[in-house]
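Biologist: Please take a close look at one part for me, the largest nonpolar core, and walk me slowly through what surrounds it.

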Amino acid sequence: MKRSAIAIIIVLLLSSTLSSADDSAEKFGPEIFQARRQALLDSLGTGLALLYSSGEYGESGYRADGHFWYLTGNDDPGAILMLAPGFRYEQVLLLQPRDPEGERWTGIRPSLTDSLEKARGYDLICRTDRLDDLVVSCMKQSPVMHLISPLRAPSDDIPADLEYYNKASDRIPDIDIINSSRFIEQMRMIKSADEVAAIEKAIEVTHAGITDLLSAVTPGITEFQLEGILEQSFKRQGAQHMAFPPIVGSGERSAILHYEKKDQRLESGQLLLVDAGAEWDHYCADISRTFPVDGKFSDRQTEIYDLVLEAQDSAFAAIRPGVTVREIHEATENVFRKSGYIDYFVHGTSHHLGVDAHDDADYNLILAEGMILTVEPGIYIDQEKIGIRIEDDFLVTEKGYRLLSAHIPRERAAVERWMSEARNPSR
Ligand SMILES: [Mn+2]
């Protein structure tokens with residue numbers, strides 16, 4: 001099968017270069033990023049590809065987007081990666097010019113020498129003002145421009161790479177702009193041993209963070225107080241960033257999917273839904289659990305909780321190399337359809353997990369060894385103030401899967417015990 005053949009090629013490609021689990025002190029050192037860039041370069045054949053760092057400014061500064069970090073390990077705002085197979089500089093990192101005035105306010109930008117030391121494997125590291133010269137001279141040799149960034153919808157803003165390509169083709173005749181976004185998606189879908197270990201660590205931190213949050217769950221406490229405990233716990237454990245803004249929703253808010261306000265007080269008899277993930281070495285966890293505020297599920301909550309659990313179990317039973325994400329989704333849908341609750345299940349069951357909580361991926365591909373995804377069935381009945389989601393993270397193995405979050409309590413009695421132990425640590 002063609003699609004699985006592609007996956008196998010990627011496994012071979014990555015396992016030869018990236019699968020050394022424990023032999024380097026620095027897990028994601030320069031040679032990892034160099035090998036990733038080389039693999040992408042080899043897939044291009046001719047021409048050039050530009051990747052603009054297109055991340056976001058958060059509480060602790062700028063973070064590159066997933067593609068850019070995956071290929072460079074670099075979090076400098078305004079950086080550009082140029083890959084040009086066969087050109088005299090095949091791997092070029094372009095950094096924003098120094099800005100002494102601005103740096104007094106926002107911090108020192110690295111000198112080119114500092115960047116060079118941290119970023120082995122480039123043929124050239126220079127300032128972004130050299131971009132035009134490099135591109136023109138490369139286009140003389142091989143007039144092909146590869147789009148690597150994820151495809152956008154026609155009504156989205158034009159991304160920086162495509163805007164630059166369009167300008168270039170207005171000025172230089174006969175340039176081909178081609179879509180080469182699939183290869184990096186496929187690369188990112190298959191995780192090396194070090195990537196798996198980073199995600200497992202992120203999950204462990206998330207587990208401990210939710211335990212700390214649970215210790216404070218009681219009627220009257222606000223959702224944002226619980227969120228504060230969670231975030232503080234992640235940071236205390238050495239995880240500086242959250243994988244995404246967590247959801248901490250109680251009562252009717254448990255039934256709102258991406259509920260962001262957290263100013264409500266918990267009430268007796270209600271549910272509390274927590275969807276959170278720590279980030280470790282840039283890799284994300286994504287875990288959801290639902291708790292009864294009083295520590296014990298009511299009969300009605302029990303009924304729905306066990307149904308969601310059953311749906312998750314049936315999804316697990318479907319996971320093995322060769323199936324599609326659609327088939328996993330159908331396994332959960334079947335449980336909800338049979339029980340008459342299908343209309344209360346309103347989102348997908350699985351997504352890929354990695355540098356991004358929703359990792360870029362080609363969802364037409366079948367599952368293959370080394371992929372990491374979530375399984376997150378949920379039922380949301382807002383008129384009853386019931387929202388229940390259970391979300392776990394798994395690694396596809398040779399014959400089936402390994403549940404990376406297996407140690408986080410999932411079954412109803414185990415969840416109640418977990419709560420009780422977190423709230424009464426002396427017992
Ligand atoms: Mn998720």
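Modeller: A nonpolar core is a set of buried Ala, Val, Leu, Ile, Met, Phe, Trp, Tyr and Cys residues joined through C-beta atoms within 7 Å, where buried asks for 20 or more other C-beta atoms within 10 Å of a residue's own, all placed from the backbone. The model is predicted, with local features needing pLDDT of at least 70 and side-chain atom pairs pLDDT 80 or more, while totals for chains, interfaces and linings use all residues. Numbering starts from 1 along each chain as its sequence is written.

The largest core holds 109 residues, and those touching the most other members are Leu48, Leu51, Met82, Ile199, Ala202, Val217 and Ala278. Its largest share, 8 residues, is supplied by helix H9 (residues 193–214), helices being DSSP runs of H or I, at least four residues, numbered from the N terminus. At least three core residues come from each of domain 1 (2–188) and domain 2 (191–423), with bounds from an automatic or database domain assignment.

Ala202, beyond its neighbours within four places in sequence, has contacts that include Ala239, Ala243, Ala278, Trp280 and Tyr283; a contact means C-beta atoms, placed from the backbone, within 7 Å.

Turning to the two domains, their C-alpha centres lie 33 Å apart, and their contact takes 20 residues from domain 1 and 21 residues from domain 2. On the side of domain 1 that touches domain 2, two or more residues come from each of helix H1 (2–18), helix H3 (66–72) and H8, and H1 gives the most, with 6 residues.

Conventions: A residue is buried if 20 or more other C-beta atoms lie within 10 Å of its own, exposed if 12 or fewer, and partly exposed in between; C-beta atoms are placed from the backbone. Two residues are in contact if their C-beta atoms, placed from the backbone, lie within 7 Å.
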